[in-house]
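Student: I have a protein structure to look at, and I would like to learn how to read it. Could you take me through it?

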Amino acid sequence: MATSFDDAVEAIRGHSLSALEALLANDASLPRQANVQGWTLLHFAARFAFTAGFNLLLPLSDATTRTGDGNKTAQELGQAWGLLSDGVSQIAAKLTPSIDHLSVTERNMFFGASAIDRAGALRKDPAALTKVLYDSKSRVTLLHSLNFLKSPTEQSLLWMSPTEIDQIVTPGASSPFLLSCLTPLSPNDNIPTLILLGVNQNNSPLWALDVSSIALLQQHVQSKLSLDFLPARPKAYDLNPQEAAHLAQARSLLDWHARFKFCSLCGSKTLLAEAGYKRVCHNSSCVSQTSVQNSCFPRTDPVAIVCILSHDGERALLGRQKVWPSGMYSCIAGFMEPGESMEAAARREAREETGVIVGRVQYFASQPWPFPANLMLGMYGEAVLGGETIDLVDQELEDAKWFTRQEILDSLAGGSSAPLKMAQTYAIAHQLLKNWAENGSFHWTVQAKY
């Protein structure tokens, strides 16, 4: 049976100030009560970003009380979950990490150098999302068939204000166009997909909109802005690293929404939810309504990419596919399989594609690769003594060779006399080889037992 405390929590969860006030009027001790985890009503008000409730409860509560499970005060919870004062983005910006917080390796990973706050705490709150969408600093970038718009003057995406988009699509309408995209009430193929990317360092909420079905916006882009939607390959590489990261996030999410229109459990249509980070089955009797189903959430496909080094550490094994430009070689890569660690995937791919047996494997870095939604897991692998003989087992590669450190250095320098064509700087394969070849003190941190 629900207690008055439980009812107060539900009032806070639903941002109902009148219900909370009525409960407090009946029981003045509620602000000093706590659940079994040590959470008071003030903690819940902070957790669910209920500013009015928080302000009501603060003088009635002990603000120094800490939760039993996370040892946090209400103020600390408010900072962690984005307690709002006069705007959602105002607090979210305080939580946004700086690009300076990223390691040098991360900053070198094109598509991955992101310091955006993805604002996950806001996704389940429709009222907060509406406020964020029409925040004065909110901006939307447009994609058409996963192609993007680039600013004509900067190395950035083209960003538009939500009100500008509403006026183009539904001028004078009483209900804003983008609001219907944010909270669709039923599955409808004619409702464009709108997703929240997050809040950037400038305190601007960023969104992405799929305009593939919006002729008015397409015409506006072409006739009024004199712009064309550009293919991500190769035009994304003209963006600055942070804007490229925004594009990677938008492209991967929109691609998933375009593919996952139907529930994989019952076949019914699905509906966008949580600002684009979930799809729910429209069939109320589907089993997905009663349990967590992986099919509801965006898909990312992990890829193991490994720079295989000889046992003496002085050579790197690279392969080439027949479709690549003449003379190009790169690191061995392949999709991970279910129930497989990334280290095991690196060893399997090395054996299947080159016949080389890899022992210890050491993680280097990861890179989002939005074609359409891969995550490249970069590693170094050490060939075991006696296991360096090349045998193109599965014939996936046209050729594989061992290259010396000097040959890699000469190739990084470029020029007509370079021993091989390297992967471009925006690829993690390039960074793997560069880090090894230029780092004379490269050493293994993973201990070998052979």
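Student: Let's start with a pair of strands. Which residue in S8 is the bridge partner of Ile-308?

Tutor: Strands of a sheet pair through backbone hydrogen bonds, either parallel or antiparallel. In this predicted model, the partner of Ile-308 is Leu-317 in S8. The strands involved are S7 and S8, which pair in the antiparallel sense over two bridges.

Student: What lies between the strands in the hairpin of S7 and S8?

Tutor: Five residues lie between them, and in this hairpin Gly-313 takes a positive phi near 80°.

Student: How many residues of strand S8 are buried?

Tutor: Here buried means under 20% relative accessible area. Strand S8, residues 315–320, has five of its six residues buried, so that strand is mostly covered.

Student: Which way do S8 and S12 run, parallel or antiparallel?

Tutor: They run antiparallel, and six bridges join S8 to strand S12, residues 399–404. To find the pairing on screen, look for Arg-315, which stands opposite Thr-404 in S12.

Student: Let's move to S11. How many of its residues are buried?

Tutor: Nine of the 10 residues of strand S11 (residues 374–383) are buried, so this strand is largely enclosed by the rest of the structure.

Student: And which way do S7 and S11 pair, parallel or antiparallel?

Tutor: Strand S7, residues 301–309, pairs with S11 in the parallel sense over nine bridges. One bridge to look for is that of Asp-301, whose partner in S11 is Asn-374. Strand S10, residues 358–369, is also joined to S11 by nine bridges, but S10 and S11 run antiparallel. There you can find Gln-362 opposite Tyr-380 in S11. S10 and S11 form a hairpin, with four residues between them.

Student: Now a sheet. In what order do the four strands of the open sheet come?

Tutor: The order is S2-S1-S4-S3, and the pairing is mixed. The edge strands are S2 (147–148) and S3 (194–199), each of which pairs on one side only. S1 and S4 run parallel and are joined by five bridges. Leu-142 is a residue to pick out here, standing opposite Leu-209 in S4.

Student: How should I read a helix?

Tutor: An α-helix has 3.6 residues a turn, so residues three or four places apart point the same way. Now try helix H9, residues 162–169, where Pro-162, Ile-165, Asp-166, Ile-168 and Val-169 are buried. Seen down the axis of H9, its buried residues fall within an arc of 165°, so they line one face of the helix.

Student: What do the buried residues of H9 pack against?

Tutor: They pack against helix H8 (126–133), strand S1 (139–144), helix H10 (177–182), strand S4 (205–210) and helix H11 (215–224). S1 and S4 are the strands you met in the open sheet.

Student: Let's step back to the whole chain. How many helices and strands does the protein chain have?

Tutor: The count comes to 16 helices and 12 strands. Of the 450 residues in the chain, 50% are buried. The C-alpha atoms fill a box of roughly 80 × 60 × 45 Å, taken along the principal axes.

Student: What can contacts tell me about the chain?

Tutor: You can ask how far apart in sequence the touching residues are. Among contacts between residues at least 6 apart in sequence, 64% join residues at least 24 apart.

Student: And how many positive and negative side chains are there?

Tutor: The protein chain has 36 positive and 43 negative side chains, with the centres of the two sets 2 Å apart.

How values were computed
Residues are numbered from 1 along each chain as its sequence is written. This is a predicted model: local features need pLDDT of at least 70, side-chain atom pairs count only at pLDDT 80 or more; totals for chains, interfaces and linings use all residues. Side-chain values use heavy atoms; hydrogens and water are left out. Buried means under 20% relative accessible area, exposed over 50%, partly exposed in between (1.4 Å probe, protein chains only). The arc is that of the directions from the helix axis to the C-beta atoms. Contact means heavy atoms within 4.5 Å. Two strands pair if DSSP finds at least two bridges between them. Lys and Arg count as positive and Asp and Glu as negative; His and the chain ends are not counted. The place of a charge is taken as NZ of Lys, CZ of Arg, CG of Asp or CD of Glu.
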